[in-house]
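Hi everyone, thanks for coming. Please bring up the sequence and the model on your screens, and I'll walk you through what I found.

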Amino acid sequence: MSGYKTGFDDRKTASAEAKKAQLERLRAKLNQVDPEKVEARKAVEAAREEREAKKRAEREAQLEAERAAQTAKEAEEAAKREAERLALEAEKAALEADDVARAEAAEALRAEQKAARDARYAARKNRKRRG
């Protein structure tokens with residue numbers, strides 16, 4: 001074994017070469033494309049995109065339904081407010097008509113009372129002239 005003497009520099013060089021060789025083998029392994037893994041990765045990615053698209057579509061449908069419900073609710077509330085407004089206007093018109101009728105009735109009563117009073121005065125004057 002006398003020919004097997006190695007020094008520090010020889011061991012250091014051999015170690016560096018071994019590391020380089022190991023690194024090259026690792027790089028070759030990493031750069032190697034496995035079609036099965038690529039297909040599996042593509043299938044997983046496609047499934048994920050499909051699930052996300054389905055969730056997105058469901059969310060959009062739900063939002064659209066909520067918007068439609070909100071629009072219907074707003075329309076219903078607007079119709080209710082309009083009906084209340086019309087009812088108030090009708091009530092107001094009825095009160096005004098009632099006030100006008102009362103005023104006319106009061107005016108007619110006053111005219112009738114005045115006519116009765118005038119008739120009494122005229123009768124009293126006639127009695128004094130005849131009298």
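Let me begin with a question: how many helical turns separate Glu 89 and Arg 85 in helix α2? About one, because these two residues are four apart in that helix. One thing to keep in mind throughout is that this is a predicted model.

Let's stay with that pair for a moment. Glu 89 and Arg 85 form a salt bridge, with their closest N and O atoms 2.4 Å apart. Glu 89 has a relative accessibility of 41%, so it counts as partly exposed. Arg 85 is also partly exposed, at 37%. The general point about helices is helpful here: an α-helix has 3.6 residues a turn, so residues three or four places apart point the same way.

Now move along the helix. Glu 107 and Arg 110 both belong to α2, and they sit three residues apart, which is about one turn. Their side chains meet in a salt bridge as well, at 2.8 Å from N to O. How exposed are they? Glu 107 has 48% relative accessibility and counts as partly exposed, and Arg 110 is partly exposed with 48% too. Coming back to the earlier pair, salt bridges that share partners link Glu 82, Arg 85 and Glu 89 into one network.

While we are in this helix, have a look at Arg 117. Helix α2 covers residues 35–130, and Arg 117 is placed within it. With a relative accessible area of 34%, Arg 117 is partly exposed. Which residues join Arg 117 in a positive surface patch? They are Arg 120, Arg 124, Lys 125, Arg 127, Lys 128 and Arg 129.

Let's turn to the other helix I want to show you, α1, which runs over residues 8–31. Is α1 buried or in the open? None of its 24 residues is buried, so the helix lies largely in the open. Its length also makes a nice check. At 1.5 Å a residue, 24 residues should span 34 Å, and the end C-alpha atoms of α1 are indeed 34 Å apart, so the two agree.

A few residues in α1 are worth finding on your screens. Lys 12 is in this helix, and at 54% relative accessibility Lys 12 counts as exposed. Try picking out Lys 12 and Ala 103 together: they are 91 residues apart in sequence, and their C-alpha atoms are 124 Å apart in space.

Further along α1 there is another salt bridge, between the side chains of Arg 27 and Glu 24, at 3.6 Å from N to O. These two residues are three apart in the helix, about one turn. Arg 27 is partly exposed, with a relative accessible area of 44%, and Glu 24 is partly exposed at 47%.

Charges are not the whole story in α1, though. Leu 26 lies in this helix, and Leu 26 is partly exposed, with a relative accessible area of 45%. Together with Leu 23 and Leu 30, Leu 26 makes a nonpolar surface patch of about 300 Å².

So, how many salt bridges are counted in the model? The count comes to eight, including the Arg 27 and Glu 24 pair in α1 and the Glu 107 and Arg 110 pair in α2.

To leave you with a picture: α1 is a helix with zero buried residues, and it carries that patch of Leu 23, Leu 26 and Leu 30. In α2, we have the network of Glu 82, Arg 85 and Glu 89, and the positive patch that includes Arg 117. Thanks for listening!

Key
Residues are numbered from 1 along each chain as its sequence is written. This is a predicted model: local features need pLDDT of at least 70, side-chain atom pairs count only at pLDDT 80 or more; totals for chains, interfaces and linings use all residues. Side-chain values use heavy atoms; hydrogens and water are left out. Buried means under 20% relative accessible area, exposed over 50%, partly exposed in between (1.4 Å probe, protein chains only). The expected span of a helix is 1.5 Å times one less than its number of residues. Patches are made of residues with over 30% relative accessible area and no salt bridge: like charges are joined within 9 Å, nonpolar side chains (Val, Leu, Ile, Met, Phe, Trp, Tyr) within 5 Å. Accessible areas come from the Shrake-Rupley method with a 1.4 Å probe; for residues, only the protein chains shown count as cover. A salt bridge is a side-chain nitrogen of Lys or Arg within 4 Å of a carboxyl oxygen of Asp or Glu. Lys and Arg count as positive and Asp and Glu as negative; His and the chain ends are not counted. The place of a charge is taken as NZ of Lys, CZ of Arg, CG of Asp or CD of Glu.
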